[in-house]
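Let's take a walk through this protein together, starting from a single residue and working outward. Keep the viewer open as you read.

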Amino acid sequence: MATDRSDHPTTFLPTLARLSSQSTAGVAGALAKLRSLYWPPPLPAEITLPKRTILTKIHETVDPDSGYASAEDEEDADVDGAITHVTAAGDSLEVLRADNLEREFAMRWTTGFISRSDPWIDAAEGDEDQAARAQLLDEATSLLSAFIGDGTADNDEDEAEGESAMVRIFSFPTAEGSSIEVQLHDAPMLEDDHTSVGLQSWGSCIRFGRRICASPAHFSLPPPDFPIYERPLRILELGAGTGLLSIIAAKLLQHLPQPPTIIATDFHPDVLTNLGINVSANLPPSKVQVHALDWETPTTSPPLDEPFDVILAADVIYHPLHALWIRTCVEKLLHPQGVFWMFNAVREVGRHEGLAESVPKAFDRPALHGESIGLGILEVEEAGKEVGVGRADECGYRLFKIGRVPGVQ
């Protein structure tokens with residue numbers, strides 16, 4: 001059976017340009033239909049259709065079907081046209097689910113809805129309707145999480161649910177011809193908190209991790225002329241999320257004469273819990289420490305009481321003030337000869353549109369507060385989007401090398 005055009009996301013999802021005119025029920029129906037399409041409840045293995053009588057000859061006026069249950073082979077059937085037909089459940093819907101154009105459109109629509117939802121929620125008629133719309137925002141966030149999980153996971157045991165935790169296995173080649181293996185537990189983003197993005201591994205982190213494995217020395221692991229026999233190399237990851245970069249650094253540097261001190265930081269409590277799970281799953285105890293860090297009010301208490309030689313961050317700009325907060329952190333925590341590497345997604349649509357430009361504004365200027373030495377951008381590299389990696393709203397990436405530079409009093 002062929003699907004009706006009304007089953008296609010490009011048809012049934014309402015126009016976002018007119019979101020303000022969409023009713024709560026209309027949006028709820030669209031989201032429910034989207035979930036039903038891509039994450040349907042389990043169905044029986046087969047469906048047997050009853051014998052049906054077709055009043056016209058099969059080849060006269062009936063439009064050709066999808067080819068999955070064609071009547072072309074029924075030329076020798078009874079003259080009255082009655083047929084009995086057994087087909088795999090949901091065949092035509094599986095074709096629709098596999099349509100990359102429809103799926104990409106659905107992801108972009110969901111991303112766009114999330115980014116434009118605030119005015120729509122505020123325009124609700126009464127508290128009850130506003131609460132219902134806020135709940136639909138949570139549902140859209142959950143759907144986006146499910147889309148991303150389905151698109152990048154190495155196993156799809158929980159694909160039918162779309163919201164379950166998953167284990168992802170990465171293998172990154174090294175310059176020596178070996179590989180770095182990392183197993184990550186990605187938890188579903190919290191339905192009532194769309195700031196919990198660190199529960200999942202994002203495209204920027206995966207791309208950056210691959211680059212580091214291919215050329216660790218380029219990313220100061222370890223830095224040139226570092227006294228590896230005199231003291232441990234100190235590495236800090238900001239907004240560590242699932243901990244991929246910290247785990248990679250620990251595996252790459254396990255041969256150093258003095259084990260490096262690696263601290264993976266984040267802020268969200270659930271992210272920190274999941275981060276600890278990943279560190280424990282990949283490394284012996286104490287190879288990577290997990291610690292809370294609030295960028296807005298950074299602390300220098302142990303284990304952050306000594307400067308770091310290398311600071312790493314991937315996809316950490318989700319608010320106009322994040323770049324400035326991160327600069328404050330790095331000013332306090334970076335060694336005078338240290339380097340800060342930041343790999344960010346560039347987004348031209350959605351809630352985080354244009355935030356990539358906040359990084360040069362925050363860092364590419366002289367010292368703050370009258371200091372003689374400040375932070376500055378030493379190098380910038382652009383990278384294009386890679387098929388199958390990253391979110392639908394990402395159009396590319398930008399790698400920054402940041403370090404101490406002379407300031408102007």
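The model you see is predicted, and our starting point is Ala132, which lies in helix α6 (residues 127–152). Ala132 is partly exposed, because its relative accessible area is 29%, a value that falls between the 20% limit for buried and the 50% limit for exposed. Now look across to Thr24: 108 residues separate Ala132 and Thr24 along the chain, yet their C-alpha atoms are 7.4 Å apart.

Thr24 brings us to helix α2, which covers residues 24–38. With 15 residues at 1.5 Å a residue, α2 should span 21 Å, and its end C-alpha atoms are 22 Å apart, so the expected and actual lengths agree. Which residues of α2 are buried? They are Thr24, Val27, Ala30, Leu31, Leu34, Arg35, Leu37 and Tyr38. These buried residues cover an arc of only 165 degrees around the axis, and therefore sit on the same side of α2.

Helix α8 (residues 244–252) gives another view of burial. Eight of its nine residues are buried, so α8 is largely enclosed by the rest of the structure. The buried ones are Leu244, Leu245, Ser246, Ile247, Ile248, Ala249, Ala250 and Leu252.

Turning to the strands, begin with the hairpin of β3 and β4. Strand β3 (residues 166–173) runs antiparallel to β4, and eight bridges join the two. One partnership to pick out on screen is that of Arg168 with Leu184 in β4. Five residues lie between the strands of this hairpin, and Gly177 there takes a positive phi near 90 degrees. In a regular strand, side chains alternate between the two faces of the sheet. You can follow such a pattern along β4 (residues 179–186): Ile180, Val182, Leu184 and Asp186 make up the covered face, while Ser179, Glu181, Gln183 and His185 form the uncovered one.

A parallel pair comes further along. Six bridges join strand β8 (residues 308–314) to β9, and these two strands run parallel. Here Ala314 stands opposite Phe343 in β9. Why is β9 described as largely enclosed by the rest of the structure? Twelve of the 14 residues of β9 (residues 334–347) are buried, which is the reason for that description.

Strand β6 (residues 261–266) holds Thr265. Is Thr265 buried or exposed? Thr265 is buried, because its relative accessible area is 1%. Beyond its neighbours within four places in sequence, Thr265 is in contact with Leu236, Glu237, Leu238, Gly239, Ala240, His291 and Leu293.

Cysteines deserve a brief stop too. A disulfide is a covalent bond between the sulfur atoms of two cysteines. How many disulfides does this model contain? The count is zero. Cys205 counts as buried because its relative accessibility is 8%, and Cys329 is buried as well, with a relative accessible area of 1%.

Finally, step back to view the whole chain. The protein chain has eleven helices and eleven strands, and 47% of its 409 residues count as buried. Among contacts with a separation of 6 or more, 74% involve residues 24 or more positions apart. The accessible surface comes to about 20,100 Å², and carbon and sulfur atoms account for 53% of that area.

Technical notes:
Residues numbered from 1 in each chain as written. Predicted model: local features only at pLDDT ≥ 70, side-chain atom pairs only at ≥ 80, totals over all residues. Heavy atoms only, no water. Helix = DSSP H or I, 4+ residues; strand = E, 2+ residues; numbered from the N terminus. Buried < 20%, exposed > 50% of the residue type's maximum accessible area, 1.4 Å probe, protein only. Contact = heavy atoms within 4.5 Å. Areas by Shrake-Rupley, 256 points an atom, 1.4 Å probe, with all protein chains shown as cover. Pairing = 2+ DSSP bridges. Disulfide = S-S within 2.5 Å. Expected span 1.5 Å × (residues − 1). Arc of directions from axis to C-beta.
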